[in-house]
Amino acid sequence: MLNITTKLLKSILLEKVEQLAVEAGEAIMQVYRREFAVELKADHSPLTEADKAAHVIIVRGLQALTPDVPVLSEEDTQRFEGANADGFYWLVDPLDGTKEFIKRNDEFTVNIALIEHGQPVLGVVVAPALSLTYVAASGLGAFKIAVDGKYVAIHTDPAPLEGQPWRVLGSRSHPDPRMADWLAALGKHSVQPMGSSLKSCLIAEGRADVYPRFGPTSLWDTAAAQAIIEQAGGRIVTCEGKPLDYSTPAQLLNPDFVVWGGSVLPSPAY
């Protein structure tokens, strides 16, 4: 159980990280509103000047905020040497959903997570084009920040009642043939495609029930949203039901996983 001092410090840290993510989002939007070039990285994923600008803002900000906590960002994986002596590191995706950014469909986010001993304990997700911000920290809960700046507590919905359809979110830019079989086993459902970590955030606030993800994702794609979904009452687990783990960041890829909103998972497990 967190003591009052720890809660206060974590609340202050969460607010400062949220401000940093919003600043990065503003830099992204400056690029979004004009023409921009697209590069391809070694893994053939796209890269824009917006990714780079957000990376610089976030890394500099986090280093100033917590000089003793290392930062692992999607745009700089080579210099990261692991968590500090206390088991902490920052895990950052400066622009999650670059493909959505390039398509100009607004479904992209800034993701910042604090990892402690392999698990996300603080997360901030900002969707700058949609003016959406989600924040969470262990012991504090999960919140959506309203337009007026107020923190509104969010919670997942229970699993659908028998006979009611599952509200499923699917990847907009990364389809997978295994999805059809998974959905058939799930039962009655409706599917809405969406980009970036917004899918997990919508489940966290009770606007959807489940998001299955097959195919490669990286640690920085899920960590911030995992902090939010867990504090809202849901979970992200592998298809075998095991929690995602961030204790070995040298292994940058996640296994297949499912984001569940309800506290009760359907049977059989998928």
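Begin the tour at Glu 15, which has its place in helix H1. The model on screen is a predicted one. Glu 15 is partly exposed, with a relative accessible area of 40%. Now add Val 124 to the selection: 109 residues separate Glu 15 and Val 124 in sequence, while their C-alpha atoms are 9.3 Å apart in space.

**Along helix H1**

Remain in helix H1, which covers residues 4–32, and select Glu 18. Which residues does Glu 18 touch, leaving aside those up to four places away in sequence? The contacts are Val 124, Thr 133, Val 135, Ile 145 and Tyr 151. Glu 18 is buried and has no salt bridge. The nearest side chain of opposite charge belongs to Lys 16, at a distance of 11 Å.

**The aromatic pairs**

Across the whole structure, a search returns 9 aromatic pairs. Select Phe 36 and Phe 101 from this set: the ring centres lie 4.8 Å apart and the planes meet at 40 degrees, so the pair is classed as tilted. The two residues come from distant parts of the chain, with Phe 36 in the loop between H1 and E1 and Phe 101 in helix H3, 65 residues apart. Colouring by accessibility shows Phe 36 as buried, at 16% relative accessibility. Phe 101 is also buried, with a relative accessible area of 0%.

Move next to Tyr 211 and Phe 257, an edge-to-face aromatic pair with 5.9 Å from centre to centre and 85 degrees between the planes. Tyr 211 belongs to strand E12 (residues 210–213) and Phe 257 to strand E14 (residues 257–260), so this pair ties together parts of the chain that are 46 residues apart in sequence. Tyr 211 is buried, its relative accessible area being 5%, and Phe 257 is buried as well, at 3%.

Return to Phe 36 and Phe 101 and extend the selection to Tyr 32 and Phe 108; these four residues form one aromatic cluster.

**Salt bridges**

The structure holds 10 salt bridges. Select Arg 34 and Glu 49, whose side chains meet in one of them, at 2.8 Å from N to O. Arg 34 sits in the loop between H1 and E1 and Glu 49 in helix H2 (residues 49–65), so the bridge ties together parts 15 residues apart in sequence. Arg 34 is partly exposed, with a relative accessible area of 39%, and Glu 49 likewise counts as partly exposed, at 35%.

The next selection is Lys 41 with Glu 74, a salt bridge of 3.1 Å, N to O. Where in the chain do Lys 41 and Glu 74 lie? Lys 41 is in the loop between E1 and E2, whereas Glu 74 is in the loop between strand E3 (71–73) and strand E4 (88–96), and the two are 33 residues apart. Lys 41 is buried, with a relative accessible area of 19%. Add Glu 75 to the view: salt bridges with shared partners join Lys 41, Glu 74 and Glu 75 into one network.

Select Arg 79 and Asp 76 as well, since their side chains meet in a salt bridge of 2.7 Å, N to O. Arg 79 is exposed, with a relative accessible area of 67%.

**Two loop residues with positive phi**

Turn to His 44, in the loop between strand E1 (38–40) and strand E2 (46–48). Its phi is near 70 degrees, a positive value in a residue other than glycine. His 44 is exposed, at 64% relative accessibility.

Then select Arg 104, in the loop between helix H3 (98–103) and strand E5 (109–116). Arg 104 has a positive phi of about 60 degrees, although it is not a glycine. Arg 104 is partly exposed, with a relative accessible area of 36%.

**Helix H6**

Finish at helix H6, residues 219–231. Its 13 residues reach 18 Å from the first C-alpha to the last, close to the 18 Å expected at 1.5 Å a residue. Centre the view on Ala 225 to find a kink of about 30 degrees. Is H6 mostly covered or mostly open? H6 is mostly covered, with 10 of its 13 residues buried; among them are Leu 219, Trp 220, Gln 226 and Ile 229. The last stop is Gly 233, which follows H6 and has a positive phi near 110 degrees.

Technical notes:
Residues numbered from 1 in each chain as written. Predicted model: local features only at pLDDT ≥ 70, side-chain atom pairs only at ≥ 80, totals over all residues. Heavy atoms only, no water. Helix = DSSP H or I, 4+ residues; strand = E, 2+ residues; numbered from the N terminus. Buried < 20%, exposed > 50% of the residue type's maximum accessible area, 1.4 Å probe, protein only. Lys, Arg positive; Asp, Glu negative; His and termini not counted. Salt bridge = Lys/Arg side-chain N within 4 Å of Asp/Glu carboxyl O. Contact = heavy atoms within 4.5 Å. Expected span 1.5 Å × (residues − 1). Bend = angle between axes of the 7 residues up to and from the residue. Phe/Tyr/Trp six-rings, centres within 6.5 Å; stacked < 30°, edge-to-face > 60°.
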